[in-house]
Amino acid sequence: MMSRYSYLFLLTFFTTHLFSSFNEVGIIEDIEGNVTIKPAQMDIIPGNAIAGRLLYDGDIIHSSENGRVQIILSDNDKKVTLFGLSELRINKENKSYQLELNYGNLFTQFSNKTNFSCSITTKLSQIIQSGGELWITREFTNEDHIFAIMGNAEVFNLFTGTEVKIEMGKMIISNSDSLGGIIEITEEILPSEIFTHYQMNREEEKEDIVFTVMN
């Protein structure tokens with residue numbers, strides 16, 4: 001018969017092993033509207049998100065139609081924002097992040113100063129981002145619209161096996177049939193807030209070029 005101490009040891013070992021895989025992945029910085037979290041950990045109750053709440057590996061964040069949530073990932077130089085009716089799962093293994101966008105709108109802002117690995121995945125696409133800013137819209141029509149707001153990114157279509165690299169100022173549409181041609185970003189195809197951000201990045205890029213030439 002198993003002794004009481006043996007039982008307690010096995011229980012402690014099991015629970016420690018069960019929850020040790022849940023690493024902290026970030027913290028909620030700001031919220032508007034209704035945002036809820038479905039935790040990956042069984043000992044945390046699902047509920048409304050609040051600023052300052054920690055997020056863990058595997059947590060699912062859901063933003064309502066009028067919602068918006070800004071998240072600082074654990075490295076402090078990576079920020080992601082969900083806009084409107086959206087759902088995102090955050091996974092992390094060592095220093096590698098994977099953002100699973102189930103649907104909705106995602107804005108990623110990553111520093112170029114550190115080396116890290118991050119991929120954004122949907123049912124159709126995998127986007128590899130090493131820095132810069134991306135605006136990604138996952139349409140209910142089963143299309144992904146990917147915009148390079150700053151820097152560049154590699155886009156893989158998981159259905160067709162094709163790959164395209166997009167640079168700042170370009171966008172591409174990924175669907176189950178193809179990875180469409182690269183399109184120039186215009187004001188009409190972006191939300192006003194994101195387009196304004198893109199214009200600011202353009203101005204900063206011009207200033208950097210002028211400064212480099214003068215030096």
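Ser174 sits in strand E15, which covers residues 170–174. In this predicted model, Ser174 counts as buried because its relative accessible area is 0%, under the 20% cut-off. Its side chain has a polar partner. A contact of 3.0 Å links the side chains of Ser174 and Asn157. Leaving aside residues up to four places away in sequence, Ser174 touches Leu124, Ser125, Asn142, Glu143, Asp144, Ile146, Asn157 and Leu179.

Two names on that list lead to other parts of the chain. Take Asn142, one of the residues that Ser174 touches. Asn142 lies in the loop between strand E11 (132–138) and E12. Is it buried or exposed? Neither label fits: Asn142 is partly exposed, because its relative accessible area of 31% falls between the 20% and 50% limits. Its backbone deserves a look as well. Most residues other than glycine have a negative phi. Asn142 is not a glycine, yet its phi is positive, at about 70°.

Now follow Asn157, the polar partner of Ser174. Strand E13 spans residues 153–157, and four bridges join it to strand E14, residues 163–166. The two strands run antiparallel. Within this pair, Phe156 stands opposite Glu163 in E14. How many residues lie between E13 and E14 in their hairpin? There are five. Gly161 is in the turn and has a positive phi of about 75°.

Another hairpin is built from E7 and E8. These strands pair in the antiparallel sense over 13 bridges. One bridge sets Lys78 against Phe110 in E8. Two residues separate the strands, and Asn94 in the turn has a positive phi of about 55°.

E7 has further pairings. Strand E5, residues 60–63, runs antiparallel to E7 and is joined to it by four bridges. Here Ser63 stands opposite Ser86 in E7. Strand E6, residues 68–73, also pairs with E7 in the antiparallel sense, over five bridges. In this pairing Ile71 stands opposite Val80 in E7. Strand E7 itself runs from residue 78 to residue 93 and is mostly covered. Of its 16 residues, 12 are buried.

The nonpolar cores come next. The largest one holds 31 residues. Which of them touch the most other members? They are Ile61, Ile90 and Leu99. Strand E8, residues 96–110, gives the most to this core, with five residues. Ile90 shows how many parts of the chain can meet at one residue. Not counting residues up to four places away in sequence, Ile90 touches Val25, Leu55, Tyr56, Asp57, Gly58, Asp59, Ile61, Ile71, Leu73, Gln98 and Leu99. A second core is separate and has 12 residues, including Phe107, Phe147, Leu190 and Ile194.

Asp57, one of the residues that Ile90 touches, also leads to a loop. The C-alpha atoms of Asp57 and Ala40 are separated by 7.0 Å, although the two residues are 17 apart along the chain. Ala40 is found in the loop between strand E2 (35–38) and strand E3 (47–48). Ala40 is partly exposed, because its relative accessible area of 25% lies between 20% and 50%.

Step back to the whole protein. It has two helices and 16 strands. Of its 215 residues, 41% count as buried. Among contacts with a separation of 6 or more, 45% join residues 24 or more positions apart. The protein exposes about 12100 Å², and carbon and sulfur atoms supply 54% of that area.

How far does the predictor's confidence reach? The mean pLDDT is 83, and 81% of the residues reach 70 or more. Confidence is highest in strand E12, residues 144–150, at a mean of 96. Where is it lowest? That is helix H1, residues 4–20, at a mean of 40. Over residues 4–20 the pLDDT is below 50, and this stretch has six contacts in the model beyond near neighbours in sequence. Where pLDDT is low, the predicted coordinates should not be read in detail.

Note on methods:
Residues numbered from 1 in each chain as written. Predicted model: local features only at pLDDT ≥ 70, side-chain atom pairs only at ≥ 80, totals over all residues. Heavy atoms only, no water. Buried < 20%, exposed > 50% of the residue type's maximum accessible area, 1.4 Å probe, protein only. Polar contact = N/O pair within 3.5 Å; in protein donor to acceptor, adjacent residues only side chain to side chain. Contact = heavy atoms within 4.5 Å. Core = buried A, V, L, I, M, F, W, Y, C linked by side-chain atoms within 4.5 Å. pLDDT = per-residue confidence, 0-100. Areas by Shrake-Rupley, 256 points an atom, 1.4 Å probe, with all protein chains shown as cover. Pairing = 2+ DSSP bridges.
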